[in-house]
Amino acid sequence: MAGIKRKSAAQSLVEPRSKSKKAKVEKHASKRTAKDERATHRSKKPITVEKSSESDDLVESDTSGDENGFYGFAADEEAAARGGSEDEDMVDAFGESSATSEPEHDDYDSEEELGTKKAPYNGNRGKDIKSAAEKWDQQQPKPAALNASSSRESHQKQRALAKERKAAKTNADIIERSKKLWEQLRLKSHVEKETRKKLVEELFEIVTGRVKDFVFKHDSARVIQCALKYATPDQRRMIARELQGEYRTLAEGKYSKHLVAKLLEKNDPQIRDMVIAEFYGHVRRMINHPEAAWILDDTYRQVATPEQKRRLLCEWYGPEFSIAGLKSKDSHTAELNAILEKSPEKRKPIMDYLDTQINQIIQKKQHGFTMLHDAMLQYFLACKPGSEEANNLFEHFRPDPTVKEGEEADNVDILKNLAFTKSGSRLVSLAFAYGSAKDRKVFLKPYKDVTEMMAYDVNAHHVLLTVLAVMDDTKLSSKSIFGDLLPSNDTLPEKVLNLVSSASARSVLLYPYASESKWLLDDKTKERLSEIYAIRETTSKKNPNTRLQELAKFIEPQLLSAITTRVADLVTFSFGLQFIGEVLVGAPEVEQEKRKEALTEIANHCNEIFDPSKETSSAKDDPSTFGKGLLKTLVQGGKYNPQTRSVVPVDPPLGFADMFWEKIKADLTEWATGPGSFVIVGLAESEDFSNRDKLLKAMRKSRTQLETAAGTPTKKNARKNEKGEIQAKGNPGARLLLEKL
């Protein structure tokens with residue numbers, strides 16, 4: 001029992017009690033050790049308590065009954081006076097019996113080691129203990145309530161302290177008011193026009209003269225951006241003038257950089273000149289800064305004038321070009337070749353400085369900067385092809401040999417980013433043109449998952465055209481480019497229709513068929529390909545015509561299937577008609593059955609192809625004009641060569657003339673006297689047409705209609721042709737048919 005010390009052999013083994021005055025909480029009887037529970041289950045006999053005499057080795061506790069509560073001899077006497085058992089009545093403040101509690105020390109595994117035994121189990125004892133514990137719990141204060149109260153008070157104090165700190169800052173009141181205005185203005189759909197106008201006026205009354213106090217703080221910087229969003233041009237210039245002298249610092253800020261972007265967004269010439277003027281002399285610092293680099297590059301790419309671009313790019317060539325106010329003799333150009341030609345003694349320091357700058361940016365994985373691409377192109381153009389300097393630059397395009405299998409090669413990102421800018425695409429095209437067969441294979445690999453995106457891009461499609469023009473391994477180039485553009489599934493017709501509708505994409509798709517066509521390639525693309533053609537004469541082995549034929553044979557089956565499926569859509573616009581003509585005439589020896597199916601579909605839609613009633617935006621895009629040319633090409637069996645002034649028939653023959661005759665013989669007079677008269681002329685001249693006699697016989701029956709359509713020369717409708725002959729303004733096709741009759 002607590003409060004009594006037993007004089008026994010086991011007493012020397014018990015550690016002395018701690019002198020701490022902290023109340024010791026007794027463990028509940030139900031939390032006995034697993035060892036005691038196993039011992040209880042193993043024992044089948046009830047446990048009895050040996051009665052000992054009151055004088056058997058008992059000594060009085062060192063503490064009094066008042067100090068221990070109901071422990072010690074005083075508790076024993078009270079229990080005896082009530083007549084109750086000691087285990088039932090002596091319940092401590094935590095609802096546990098002193099007789100059933102575990103020993104205070106963990107040095108013993110059972111009561112037998114202490115020389116004690118437990119009393120027999122009483123069925124009501126657990127209920128008494130539970131009720132006593134519940135009563136005690138009700139009397140104690142709730143910790144959760146105390147914690148909630150203290151936490152609430154603590155948060156209130158923290159908020160009050162934060163408000164005091166904000167109030168102590170400079171311009172705290174006006175910043176707080178401006179933020180409230182910003183909260184109202186940012187709700188686009190809930191603010192009426194007049195209300196917004198008043199809010200903007202109030203906002204400008206606050207920020208005018210205090211712009212610098214706002215822009216360098218993350219929360220108030222948004223207020224100035226909001227003011228710029230709804231500002232008039234004069235108000236924007238007012239804000240720009242207040243910030244003059246701080247633009248480089250603003251560009252380097254995590255939040256304030258967005259303000260510079262907002263100022264340049266409208267491309268106001270005055271604001272643009274103020275901002276860019278403060279970037280001069282600091283290009284190297286800014287391009288290496290994690291925040292300012294993007295602002296500088298966006299300004300260079302989208303806003304700067306050609307003169308401003310030149311000055312910014314020249315700072316990549318060395319400190320001489322970065323000194324503020326210094327105007328070099330070569331200030332009129334940023335072409336590195338021109339600078340080095342006038343100052344050849346500067347070649348080594350300029351090239352070394354530029355090479356260091358390029359390496360620094362590439363090592364940081366910042367491959368997307370347009371300034372970087374322009375600088376890399378200038379560096380390569382200043383190098384001699386095949387030199388050590390050029391090879392060192394191309395090393396950035398080759399994968400690191402130490403990269404483990406499964407990891408992305410380090411050349412993937414830089415090649416992808418270069419392809420989508422003007423200078424970058426030219427640099428990659430030159431790399432393909434000058435590279436060896438092994439280099440071309442390595443350079444092409446990173447583009448396998450972005451081929452379709454490149455085909456639609458105005459710059460990146462030049463890289464694909466270069467690959468088709470210079471790679472001797474046509475099997476690899478075809479699979480790499482056309483494998484993604486022309487999938488072998490149900491999406492093929494839809495993809496082909498989309499490719500033909502895009503000016504950039506159709507040049508890639510039709511390059512094997514019409515690489516020299518004026519209608520297919522624009523002037524910039526022709527200029528780029530001319531440069532590549534001159535280089536490939538010394539770097540490629542395969543004949544260009546052979547290369548194109550092999551490429552055409554690879555994609556011919558897919559294109560014929562797409563034409564057969566979507567001919568009704570392709571004949572509705574001019575480029576679709578031109579696409580059909582190029583594919584059907586090109587590579588005639590491939591897939592004879594598929595070609596025949598496509599030609600049959602064209603014959604079935606001949607009336608839709610030649611429909612003058614279609615609405616067009618201009619005469620150049622008139623589908624009826626291109627439809628007339630398509631049908632004439634197909635019935636003649638080949639393309640017209642303007643140099644020889646004759647038709648070059650394909651082998652084997654197309655056989656379209658007879659298909660076309662079966663579809664239009666009932667309406668022959670209408671075709672011969674209408675806008676489609678030249679198609680009938682081509683049909684009459686076709687060597688592949690087996691029903692020519694039937695055609696002429698039918699035309700003789702309609703001679704009167706032909707003469708009426710052809711017209712007779714008069715003073716009002718007569719005109720002279722190139723030879724000076726007088727001709728009427730009637731249908732010239734009808735006149736040619738009359739001549740054949």
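**View 1. The buried residue Phe660 and its aromatic partner in the predicted model.** Phe660 has a relative accessible area of 0% and is buried, in a structure that is a predicted model. Its ring forms an aromatic pair with that of Trp671. The two ring centres lie 5.4 Å apart and the planes meet at 90°, an edge-to-face arrangement. Trp671 likewise counts as buried, at 6% relative accessibility. Because Phe660 belongs to helix H36 (residues 656-664) and Trp671 to helix H37 (residues 668-673), the pair ties together parts that are 11 residues apart in sequence.

**View 2. The largest nonpolar core, with Trp316 and its contacts.** This core comprises 178 residues, of which Trp316, Phe579 and Phe660 touch the most other members. Helix H31 (residues 544-570) makes the greatest contribution to the core, with 10 residues. Leaving aside residues up to four places away in sequence, Trp316 is in contact with Val283, Ile287, Tyr353, Leu354, Gln357, Ile361, Met371, Leu372 and Ala375.

**View 3. An aromatic cluster.** One cluster is formed by Phe380, Phe394, Phe397, Phe432, Tyr434 and Phe443. Across the whole structure, the search for aromatic pairs returns 12.

**View 4. The hairpin of strands E3 and E4.** Strand E3 (residues 638-641) and strand E4 (residues 646-649) run antiparallel and are joined by 4 bridges. Gly638 stands opposite Pro649 of E4. There are 4 residues between the strands of this hairpin, and Arg645 adopts a positive phi near 55°.

**View 5. The segment annotated as a Pumilio repeat.** An unreviewed UniProt entry assigns the feature "repeat: Pumilio" to residues 242-277. In the model, 67% of this segment is helix and 0% is strand. The C-alpha atoms at the ends of the segment are 15 Å apart.

**View 6. Confidence along the protein chain.** The mean pLDDT of the protein chain is 79, with 73% of its residues reaching 70 or more. Confidence is highest in helix H26 (residues 460-470), at a mean of 97, and lowest in strand E1 (residues 5-6), at 42. Residues 1-35 have pLDDT below 50, and this stretch has 51 contacts in the model beyond near neighbours in sequence. The pLDDT is also below 50 over residues 37-119, a stretch with 98 contacts in the model beyond near neighbours in sequence.

Methods
Residues are numbered from 1 along each chain as its sequence is written. This is a predicted model: local features need pLDDT of at least 70, side-chain atom pairs count only at pLDDT 80 or more; totals for chains, interfaces and linings use all residues. Side-chain values use heavy atoms; hydrogens and water are left out. UniProt positions are given in the numbering used here, feature names are shortened, and annotations may be inferred rather than shown by experiment. Helices (H or I, at least four residues) and strands (E, at least two) are DSSP runs, numbered from the N terminus. Two strands pair if DSSP finds at least two bridges between them. A nonpolar core is a set of buried Ala, Val, Leu, Ile, Met, Phe, Trp, Tyr and Cys residues joined through side-chain atoms within 4.5 Å. Buried means under 20% relative accessible area, exposed over 50%, partly exposed in between (1.4 Å probe, protein chains only). Contact means heavy atoms within 4.5 Å. pLDDT is the predictor's confidence in each residue, from 0 to 100. Rings of Phe, Tyr and Trp (its six-membered ring) pair if their centres lie within 6.5 Å; planes under 30 degrees apart count as stacked, over 60 as edge-to-face and the rest as tilted.
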